[in-house]
Amino acid sequence: MTTEIINNVIVKNWAVSIDEHARKEVENLCLLPFIHHHIALMPDAHGGKGMPIGGVLATKGVVVPNAVGVDIGCGMCAVKTNVRVDSLTPDIIRKQLLRGIRRQIPLGRDHHKQKQDEKFMPQGFDTDSMHVVSRQLVSAMKQVGTLGGGNHFIELQRDDEGWLWIMIHSGSRNLGKQVGEYYNDKADALNRRWYSMVPPDINMPFLPLRTDEFRQYWAEMEYCVAFALCNRSLMMNRIMEVIADTAAGAEFEPMINIAHNYAAWEEHFGENCIVHRKGATLARTGMVGIIPGSQGTCSYITEGLGNPESFMSSSHGAGRRLSRTEARRELSLEEEVARLERAGVIHAIRYEQDLDEAAGAYKDIDEVMAAQSDLVRIRTRLTPIAVIKG
């Protein structure tokens with residue numbers, strides 16, 4: 001970890017490398033007048049929209065919608081099974097497991113044709129009082145239990161003892177996007193009306209505590225976090241059904257879940273503050289987490305070390321090395337496919353447009369893990385067997 005001071009703000013940086021885009025965003029963050037203590041950058045940090053992905057921002061008295069982002073509640077879940085990987089032939093994996101999963105779970109922009117049962121949706125929320133969620137609810141009931149596109153994935157994995165694991169990366173689908181954009185625009189309009197000292201061109205408008213807009217955003221953000229968990233849980237249940245139909249006697253351990261796009265009230269350095277994690281995960285002492293690699297590389301089940309300097313946070317993955325445009329321009333399709341096939345992974349790289357999710361587009365996950373040895377410890381290493389992308 002390195003420390004520097006920018007505009008009188010302390011920046012603590014675990015990043016293995018950081019691109020110019022992210023660097024400029026950090027400089028912009030240091031203009032914010034409501035920062036609590038310091039800014040933290042995780043080892044997977046890279047350029048985002050307004051704030052680096054892999055950034056942790058603690059604030060006093062305000063919430064910043066764009067420091068959460070538009071895929072509110074996006075995160076990871078993982079389940080260990082009692083199925084031996086060596087009992088599954090490539091034919092079984094392709095024709096029974098992967099085909100079965102694709103029949104159950106819509107991918108990319110696809111949704112369910114019918115609304116899913118209300119029991120699969122978040123419970124205990126007053127959705128009628130929510131501006132965005134109330135309008136999007138019917139649509140969301142068709143999106144719950146769907147993967148989405150971009151960097152979202154389903155992987156079948158093997159641990160070092162040969163057991164089969166299931167891992168999912170997905171979020172709040174279009175619901176989170178609608179909520180995030182609505183309140184970022186509202187915050188921007190209000191900041192301009194208030195002649196806020198936060199420069200409008202850095203795209204980090206805020207909503208002050210005790211305002212109606214703060215309360216409205218907070219309620220809808222929490223709903224989206226809950227919806228994202230419901231989304232992952234429903235997909236996981238349906239994948240387990242596919243595996244149980246294929247492998248007689250299959251049993252499943254409790255699901256591990258961790259979110260990486262949200263804001264929460266926490267106490268750090270003796271004060272209550274709002275911690276925004278945008279592409280970063282909570283890593284309190286003993287807390288079980290998930291840090292995935294890139295397609296074709298290892299992922300890790302971790303245990304948090306509760307490091308106060310990172311606001312008890314860790315990375316959410318390997319982090320991009322190349323932007324999507326750079327990946328498609330610079331990477332070789334043949335080399336990326338060969339890399340995956342040498343590793344024996346049933347992969348999702350078929351065409352040039354798939355290169356933005358190739359392993360070469362991401363940082364080295366083992367370097368990332370080494371850089372955060374003071375944030376988490378590794379409990380389990382997982383090697384990919386088969387990948388499904390949106």
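In the predicted model, Y195 is located in the loop that connects α4 to β9 (207-208). Although Y195 is not a glycine, its phi is positive, at about 55°. Most residues other than glycine have a negative phi. With a relative accessibility of 75%, Y195 counts as exposed.

A positive phi of about 55° is also found at R173, again a residue that is not a glycine. R173 belongs to helix α4, which covers residues 173-193. The relative accessible area of R173 is 14%, so this residue is classed as buried. The two residues with a positive phi described here thus fall in separate accessibility classes, R173 being buried and Y195 exposed.

Contacts were also examined for Q136, a residue of helix α3 (residues 133-143). When neighbours within four places in sequence are left aside, Q136 is in contact with N174, L175 and Q178. These three positions fall within the range of helix α4, residues 173-193. Q136 has a relative accessibility of 17% and counts as buried, because the class takes in values under 20%.

Turning to the strands, an open sheet is formed by 6 strands in the order β1-β2-β3-β4-β12-β11, and the pairing is mixed. At its edges lie β1 (2-6) and β11 (261-268), each of which pairs on one side only. On average, and with direction ignored, neighbouring strands of this sheet are turned by 20° against each other. Within the sheet, β3 (residues 35-46) and β4 (residues 53-59) run antiparallel and are joined by 5 bridges. In this pair, L41 stands opposite G55 of β4. Helix α5 (residues 212-246) lies across β11 and β12 (271-278). The helix runs at about 110° to β11.

The cysteines were then considered. A disulfide is a covalent bond between the sulfur atoms of two cysteines. A search of the whole structure returned 0 disulfides. C74 is accordingly in no disulfide, and the nearest cysteine sulfur, belonging to C77, is 11 Å away. C74 has 3% relative accessibility and counts as buried. For C224, the closest cysteine sulfur is that of C230, at 11 Å, which is too far for a bond, because a disulfide requires the sulfur atoms to be within 2.5 Å. The relative accessible area of C224 is 0%, so C224 is buried.

Empty space was analysed last. Rolling a probe the size of a water molecule over the atoms shows where such space is left. The second largest pocket holds about 260 Å³ of space. Its lining consists of 18 residues, and those nearest the centre of the pocket are G150, A348, D354, K389 and G390. Two or more residues of this lining are given by each of α6 (324-330) and β17 (376-389). The largest share comes from β17, which supplies 3 residues to the lining of the second largest pocket.

Methods
Residues numbered from 1 in each chain as written. Predicted model: local features only at pLDDT ≥ 70, side-chain atom pairs only at ≥ 80, totals over all residues. Heavy atoms only, no water. Pairing = 2+ DSSP bridges. Helix = DSSP H or I, 4+ residues; strand = E, 2+ residues; numbered from the N terminus. Axes fitted to C-alpha atoms, helices over the stretch in contact; angles between N-to-C directions. Contact = heavy atoms within 4.5 Å. Buried < 20%, exposed > 50% of the residue type's maximum accessible area, 1.4 Å probe, protein only. 1 Å grid on protein atoms, 1.4 Å probe; cavity = no way out; pocket = protein on both sides within 12 Å on 5 of 7 lines; lining within 4 Å. Points joined across faces, edges and corners; volume = space filled by probe spheres on them.
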